[in-house]
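Me: Hi, I'm new to this one. Could you walk me through it?
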Amino acid sequence: MQTTWWQSETVYQIYPRSFFDSNGDGIGDIAGITSRLDYLQRLGIGLLWLSPIFKSPMDDNGYDISDYQAIAPEFGSFDDFDELLSEARKRDIGILLDLVVNHTSDEHVWFQEARKSRDNPFRDYYVWRDPTDKGGLPNQLNSDFGGPAWTFESATGQYYFHQFSHRQPDLNWENADMRRDIYGMMNWWLDKGIAGFRMDVIDRIGKQVDEGVTTDGPHLHDYLQEMHRETLAGRDVLTVGEAWSATPGSALLYTGRARNELSMIFQFEHVTQQWDKVYGKWKPKPFDLVGLKSVLGKWQMALSDDGWNSLFWGNHDLPRAVSRYGDAAGFHRESATMLATALHFLKGTPFVYQGEEIGMTNAAFSSIDQYKDIETLNMHRLHVEAGRSSEEFIAGANQNGRDNARTPMQWSAAPNGGFTTGVPWIETNPNFLRINAETEMGDERSIWNHYRRLIELRKRHPIMVHGAFQSYLDQHPKLFVYTRRLGDERIVVMANFSADIVTATLPTELSTQGRTLITNYEPRERLEGNIEMKPYEAFALLEETLVAVADDNKAESALPAELTKALEPQA
Ligand code: GLC
Ligand code: CA
């Protein structure tokens, strides 16, 4: 069994705009990230994924890049970035950058050139089509942010294609010069010593618009193999591709070890499985555990021998995990720690989205004016035009909208949660008085300390990394039960996804005794017959035969003074 270093690491995603503002302009920045590295090191984080930090008009908060080799001025300078990289390296933390190469900003010089004339050398870096004979749209493809995926440029009489906002024109991956320029840019960053890339909507780069194909185009994997040859080969880096269209079958194409494409992908089946069939994420839907378990279990089994899973509940496009899958009001600590336990014992590399480790909750905005996200604002307009009420739309946005994850990180009980001394670009969640990093770090039983233990357990127990997964009680509507097995080691994981006390009869194979590696209630020593699970209780029990000496649950010393200091806002 071969271990790759990133299999036992935990990745932490930073949304720079909302993480920590070092200069009081209300926008998080790179120097702010550097000032929090001690916090991340103490949590045990091995890698940071930074959402885009590049120069951008910020139509989609940086996912619209106007210069891949420049830093957005609101986030800082190259000196700030180099400082972050070297300070992170001192703490053994690698930096993953967000590679957004399905599209650029309309302000990118390539697009500025391309739109000038039909014979401009950069014209073919993008996707242009003539109007139909009647002067209409080339076809019916729609943008993910609402409306047609085509925008007309009268100067040259053609439409250009964009799967997101009209300010995010799609790159044409059929153009070999464009691909060469992208690879050059990737090598330039890799040579600086970054630890890899998260690849934005990578399943879409092989689009074939004339066939109506957006994801999984016929040349997608050729491009990824070429990219690997030209940039990643020979470098020990981590790559994770965002692939909303992924199935277990395609995941093996992206991540199969012999294929030389990516280390892992983000699949979203466990996310979309919880969405409304008609309105998608814009309509609340009750949580369905049996469905969730069947999706997670399917992915565990499919990538058990080849390929590799990423594990995540949240990111900057998704709601807060404790609000979506737990009970933020009634059982905040219990449900947040339960979710962490249920996820981190699965096979794969866990990703923690900023604030998840302290149980940050959804935003609970009541008026559309509080939202900033381009997708939410566009969709609100379209749904209201189509006859839905604004209130009804907001109920859906409150459950699943992207801004839920984008409110400022809550560092302390200081104004604005200690995120900024100025006016934050998006409203802080008023619950920062109760939910903040300072309080969490000082409490032995907190969500934060639970995450810290989980991250540490993964480094200490190879079974958490490599053990085979098997699920039990698949049809149980409230309990998620599974085991991991490696050699003669076995871990039993049980999680109650409900606010009820649940009594269940365990299958005889699960009768065992051992040592609790982690729990959010009292440790257990024996599993047998009927088991009673407290509200949102979760534990992992390591079978006795192989007990190691160390006590993983032992209390840690109080917060060291230098850390308390590191948490104070620095203006
Ligand atoms: C990805 C990003 C999302 C962005 C979109 C377009 O889905 O995660 O935030 O809006 O791509 O780049
Ligand atoms: Ca700032």
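Reply: Happy to! One definition before we start: Asp, Glu, Lys and Arg count as charged, while Gly is among those that count as polar. Keep in mind, too, that this is a predicted model.

Me: Okay, so how many nonpolar, polar and charged residues are in the shell around ligand 1?
Reply: That shell has seven charged residues, four nonpolar ones and two polar ones.

Me: And which of the 13 residues around ligand 1 come nearest?
Reply: Those are Asp60, Asp200, Glu242, His316 and Asp317.

Me: What about Asp200, how far is its polar side-chain atom from an oxygen atom of ligand 1?
Reply: The distance is 2.8 Å. For Glu242, a side-chain N or O atom is also 2.8 Å from an oxygen atom of ligand 1. With Arg198, the corresponding side-chain distance to a ligand 1 oxygen is 3.0 Å.

Me: How much of ligand 1 does the protein bury?
Reply: The protein buries 97% of the 310 Å² that ligand 1 exposes when taken alone.

Me: Which pocket is that?
Reply: Ligand 1 takes up the space of the second largest pocket.

Me: Switching topic: which residues coordinate the calcium ion?
Reply: The calcium ion (ligand 2) is coordinated at 2.3 Å by Asp21 (OD), Asn23 (OD1), Asp25 (OD), Ile27 (O) and Asp29 (OD). Along the sequence, these donor residues follow the spacing D-x1-N-x1-D-x1-I-x1-D.

Me: Is Asp29 buried or exposed, and why?
Reply: Asp29 counts as buried because its relative accessible area is 3%, and buried means under 20%.

Conventions:
Residues numbered from 1 in each chain as written. Chains lettered and ligands numbered in written order. Predicted model: local features only at pLDDT ≥ 70, side-chain atom pairs only at ≥ 80, totals over all residues. Heavy atoms only, no water. Donors = N, O, S within 2.8 Å, 3.2 Å for Na, K, Ca; no water. Buried < 20%, exposed > 50% of the residue type's maximum accessible area, 1.4 Å probe, protein only. Near = heavy atom within 4 Å. Polar contact = N/O pair within 3.5 Å; in protein donor to acceptor, adjacent residues only side chain to side chain. Areas by Shrake-Rupley, 256 points an atom, 1.4 Å probe, with all protein chains shown as cover. 1 Å grid on protein atoms, 1.4 Å probe; cavity = no way out; pocket = protein on both sides within 12 Å on 5 of 7 lines; lining within 4 Å. Sits in = over half its atoms within 2 Å of the grid points.
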